[in-house]
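Colleague: I should like to understand the reasoning behind the terms applied to this model. Could we go through them one at a time?

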Amino acid sequence: MKKHLNQCLSLLAAVGNLLLMPQAQATLLSADQVAQAAYGVGIKGSALVNAIAIASAESGFILEAVSPINSNGTIDRGLWQINSIHGYDPALLLSSATYNAQAAKDISGWGPVNGGDWLPWTTFN
């Protein structure tokens, strides 16, 4: 029994180490690169500052960031952790900073007058 328990613990430790390993092809962007993507889709002013802070908190500026499955079965992907419920292309969310920024802008309802509603991101609250 003790031998079986030690084997299980060794296996769990090995799996845990694999889960903690960084992704081999993860793309870590700088704050400037994320800001350029957001500005490029039209996010400006204080909303740009909010957008960068949210991306930092949500993904650490890792383009390929993917959340564990949420309690409702959805998955968050990309710089702004766009939830799959919104219907954006998962492959583009994991490969294009501009596509991420456009999705964040769309979801926030950003406009030159209202500056967007960043409340859908729990890191903003």
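Modeller: We may begin with helix 2, residues 31-40, in this predicted model.

Colleague: Which residues of helix 2 are buried, and what makes a residue buried?

Modeller: A residue is called buried when its relative accessible area is under 20%. In helix 2, Val-34, Ala-35, Ala-37 and Ala-38 are the buried residues, so each of them falls under that cut-off.

Colleague: How do you know on which side of helix 2 they lie?

Modeller: The buried residues cover an arc of only 160° around the axis, and therefore they lie on the same side of helix 2.

Colleague: Which residues does the face turned away from the buried side carry, and why are they called exposed?

Modeller: That face of helix 2 carries Asp-32, Gln-36 and Gly-40. Exposed means over 50% relative accessible area, so these three residues exceed that value.

Colleague: What covers the buried residues of helix 2?

Modeller: The cover includes helix 3 (46-59) and helix 5 (97-108).

Colleague: What is the sign of phi at Gly-42, which follows helix 2?

Modeller: The phi of Gly-42 is positive, near 105°.

Colleague: Where does helix 2 stand in the protein chain as a whole, and how many helices and strands are there?

Modeller: The protein chain has five helices and two strands, in the order α-α-α-β-β-α-α from the N terminus. Of its 125 residues, 34% are buried, which means that this share has a relative accessible area under 20%.

Technical notes
Residues are numbered from 1 along each chain as its sequence is written. This is a predicted model: local features need pLDDT of at least 70, side-chain atom pairs count only at pLDDT 80 or more; totals for chains, interfaces and linings use all residues. Side-chain values use heavy atoms; hydrogens and water are left out. Helices (H or I, at least four residues) and strands (E, at least two) are DSSP runs, numbered from the N terminus. Buried means under 20% relative accessible area, exposed over 50%, partly exposed in between (1.4 Å probe, protein chains only). The arc is that of the directions from the helix axis to the C-beta atoms. Contact means heavy atoms within 4.5 Å.
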